[in-house]
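Biologist: I would like to go through this model with you. Please tie each label to a value and a cut-off.

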Amino acid sequence: AYDSLATPLAFGLALLVVAAAIGHVSGGHVNPAVTLGLAVTGEFPWRYVPAYLIAQLVGAVLGALATWATFGTPGREVAHLAATAPGPGVGSGTAVLVEALVTFVLVFVVVSVATDDRVHSSLAPVAVGAALAVAVAIAGPVTGGAVNPVRALGPALVAGQFTGLWIYLIAPLVGGIAAATVYHRFLAKAQAPA
């Protein structure tokens, strides 16, 4: 339910914890929109992209399986393991726009605080977690607030719920790549001439 701040805060705090715990190890990539956005702009090596995408999908499936184990059959058959789908009366175009926009904001924050050496590294987990909380608060009632292709794909695969799945596979990637590109082209620190 998105009638309280509990869901957005849970998402945001979980990402804050993950970014603080493994950001220094792997960059804390848990979202393909971040990984591909950084790769497209040359801020992340393409040779690592396949391994990261596989790890992200495996993590999402394991998370969905853990949710199923925790909540049992009703969690899968009634709540569909929190698989995302557009809200009642929300068209595909609106859902694509919302998911692309909120992912743009999230990835823009990630790129600005986690890859720019003008920002102290300790700020990144807090800023990224807060950005996700805001994104889920805004998008949740409209689209379910995936903001991450594998966040949508993991529960969909395990619960067998594929309503509008294409939206969550495409829109966040478009938003994430656009955000990384905009930051890289217009706001990243200019390189000193050689």
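Biologist: How do the residues lining the largest pocket divide into nonpolar, polar and charged?

Modeller: This is a predicted model. In the lining of the largest pocket, 29 residues are nonpolar, 14 are polar and four are charged. Glycine counts as polar here. The lining has 47 residues in total.

Biologist: Which residues lie nearest the centre of the largest pocket?

Modeller: Leu15, Val18, Gly28, Val30 and Asn148 do. The pocket has a volume of about 1,300 Å³.

Biologist: What makes a residue part of that lining?

Modeller: A lining residue has an atom within 4 Å of a pocket point. Six helices each supply at least two such residues: α1 (6-26), α2 (32-40), α3 (49-77), α4 (92-114), α5 (124-143) and α6 (149-159). The most come from α1, with 10 residues.

Biologist: Let's stay with α1. Why is α1 called roughly antiparallel to α5?

Modeller: Take the angle. α1 and α5 pack at about 155°, and their axes are 7 Å apart. Angles over 145 degrees count as roughly antiparallel. So α1 is roughly antiparallel to α5. The crossing of these two helices is right-handed.

Biologist: Which residues make the contact between α1 and α5?

Modeller: From α1 come Thr7, Pro8, Phe11, Gly12, Leu15, Leu16, Ala19 and Ala20. From α5 come Pro125, Val126, Val128, Gly129, Leu132, Ala133, Val136 and Ala137. By class, 13 are nonpolar, three are polar and none is charged. Leu15 appears here and also among the residues nearest the pocket centre.

Biologist: Now α6 and α7. How do you know that they are roughly antiparallel?

Modeller: Same test. The axes of α6 and α7 (residues 165-187) cross at roughly 160° and come within 8 Å. The cut-off is over 145 degrees. The two helices are therefore roughly antiparallel. Their crossing is left-handed.

Biologist: What makes up the contact of α6 with α7?

Modeller: Pro149, Ala152, Leu153 and Ala156 of α6 meet Leu165, Tyr168, Leu169, Pro172 and Leu173 of α7. Nine of these residues are nonpolar, with no polar and no charged ones. Tyr168 falls on the nonpolar side, because Tyr counts as nonpolar.

Biologist: And why are α2 and α7 called oblique?

Modeller: They pack at about 40°, with their axes 8 Å apart. Roughly parallel needs an angle under 35 degrees, and roughly perpendicular starts at 65. The pair fits neither, so α2 and α7 are oblique to each other. Their crossing is right-handed.

Biologist: Which residues does each helix bring to the contact of α2 with α7?

Modeller: α2 brings Pro32, Ala33, Leu36, Gly37, Leu38 and Val40. α7 brings Pro172, Leu173, Gly176, Ile177, Ala180 and Thr181. The classes are nine nonpolar, three polar and no charged. Pro172 and Leu173 of α7 also meet α6.

Note on methods. Residues are numbered from 1 along each chain as its sequence is written. This is a predicted model: local features need pLDDT of at least 70, side-chain atom pairs count only at pLDDT 80 or more; totals for chains, interfaces and linings use all residues. Side-chain values use heavy atoms; hydrogens and water are left out. On a 1 Å grid over the protein atoms alone, a cavity is a set of points where a 1.4 Å probe fits but cannot get out, and a pocket is an open set with protein on both sides within 12 Å along at least five of seven lines; lining residues have an atom within 4 Å of a point. Grid points are joined across faces, edges and corners, and a volume is the space filled by probe spheres set on the points. Helices (H or I, at least four residues) and strands (E, at least two) are DSSP runs, numbered from the N terminus. Axes are lines fitted to C-alpha atoms, for helices over the stretch in contact, and angles run from 0 to 180 degrees between N-to-C directions. Angles under 35 degrees count as roughly parallel, over 145 as roughly antiparallel, 65 to 115 as roughly perpendicular and the rest as oblique. A crossing is left-handed if the near helix is turned anticlockwise from the far one by less than a right angle, and right-handed if clockwise. Contact means heavy atoms within 4.5 Å.
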